[in-house]
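I am opening a notebook on this structure and will write down what I look up, entry by entry.

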Amino acid sequence: MGRKSYGGWRPYVPVAERRRMAEKKAAKMKKAGHDLAPIEITGRKIAATFWGEAWCQNLEAYSDYANRLPRGRTYVRNGSVIDLQIEAGRVCALVSGSTIYKVEIEIAPLAEKRWGEIKARCAGQIDSLVELLRGAISAGVMAVVTRKGEGLFPSPSEITIDCSCPDWATMCKHVAATLYGVGARLDHQPELLFTLRGVDPAEMVAAAVDQPPAAGKGRRGRVLESEGLSSLFGVDIDMGAPSGEDDATPAEPATRKRSAAAAAKRDTSAKA
Ligand SMILES: [Zn+2]
């Protein structure tokens, strides 16, 4: 018995076969010299960390997307997103379906005013870049960065989608899978959210350092060494210069550097 065909729709392809096809195509592309960064979901959830989950929840919070996104869940889970790259203002992905589709999603950079407001609202509340990226942040900071339309996450009006398949206009499975794939990627590389929005996460910490300590709060902001972050997240992080005015705190001297492990330990004890 042949596969069912619904009108003009393509035949249904079972999940196992789809996965096998995706693996075969990915292997072929790798052999041809393509450096692929596939999305591999191993756990029950597509995204499990604060940043990854917040990315998915943000998209699902918009009614324009809520109906269309679910179709991408199976796709991203079964390994169909064989490549996903995030750069400033852009997400590019290759998604395996009946052929390999090319997805391009443009995300508007965070408006300067909005970024300034986020930094001002979080000033003095973020102890370190490590904590920020790990999502070890206060409920107050979480509320600021996840605020609909005002936080770090894009709204549909800031997102432009494109896919090489014929159904892309209504947000196809490939685009939906790619959007979920971004959430999964943020689990491992949360700094890519900031890259995507064209802002430097260190500024959120720097902004905290630049502020005078709040009354009754003796704790001073800390700037973490970049090498510790690099080893923790496996990426290169440019700490950049403080964005403040003339009274900005100078960069910390090298003598105050410490290991990421020590920083993590201290950060944990400071939270208790
Ligand atoms: Zn598509």
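Entry 1, the charged network. I began with charged side chains in this model, which is predicted, and I found that E87, R90, K102 and E104 are linked in a network of salt bridges. Within that group I looked up the pair R90 and E87, which form a salt bridge whose closest N and O atoms are 3.6 Å apart. I then checked how far each partner is open to the outside: R90 has a relative accessibility of 28% and counts as partly exposed, and E87, with a relative accessible area of 37%, is partly exposed too. For the structure as a whole, I noted a count of 10 salt bridges.

Entry 2, a pair within one helix. I turned to K113, which forms a salt bridge with E117, and I noted 3.5 Å between the closest N and O atoms. Both residues belong to helix 5, which covers residues 112–122, and they sit four residues apart, about one turn of the helix. K113 is exposed, since its relative accessible area of 64% falls in the range over 50%, whereas E117, at 31% relative accessibility, counts as partly exposed.

Entry 3, a pair that links two parts. Which residue does the side chain of E150 meet in a salt bridge? I found that the partner is R121, with 3.7 Å from N to O. Because E150 lies in the loop between helix 7 (139–146) and strand 4 (159–163) while R121 lies in helix 5, this pair ties together parts that are 29 residues apart in sequence. I recorded both partners as partly exposed, E150 with a relative accessibility of 36% and R121 with a relative accessible area of 34%.

Entry 4, the nonpolar cores. I moved on to the largest nonpolar core, which holds 60 residues, and I noted that W51, W55 and F194 touch the most other members. Helix 8 (residues 173–188) gives this core its largest share, namely eight residues. Apart from this core I found another one, made of six residues, among them A22, A26, M29 and L94.

Entry 5, the surroundings of W55. What does W55 touch, when residues up to four places away in sequence are not counted? I listed I107, F153, P154, L179, V182, G183, L186, L193 and L196. Comparing this list with the limits of helix 8, residues 173–188, I could place L179, V182, G183 and L186 in that helix.

How values were computed. Residues are numbered from 1 along each chain as its sequence is written. This is a predicted model: local features need pLDDT of at least 70, side-chain atom pairs count only at pLDDT 80 or more; totals for chains, interfaces and linings use all residues. Side-chain values use heavy atoms; hydrogens and water are left out. A nonpolar core is a set of buried Ala, Val, Leu, Ile, Met, Phe, Trp, Tyr and Cys residues joined through side-chain atoms within 4.5 Å. Buried means under 20% relative accessible area, exposed over 50%, partly exposed in between (1.4 Å probe, protein chains only). Contact means heavy atoms within 4.5 Å. A salt bridge is a side-chain nitrogen of Lys or Arg within 4 Å of a carboxyl oxygen of Asp or Glu.
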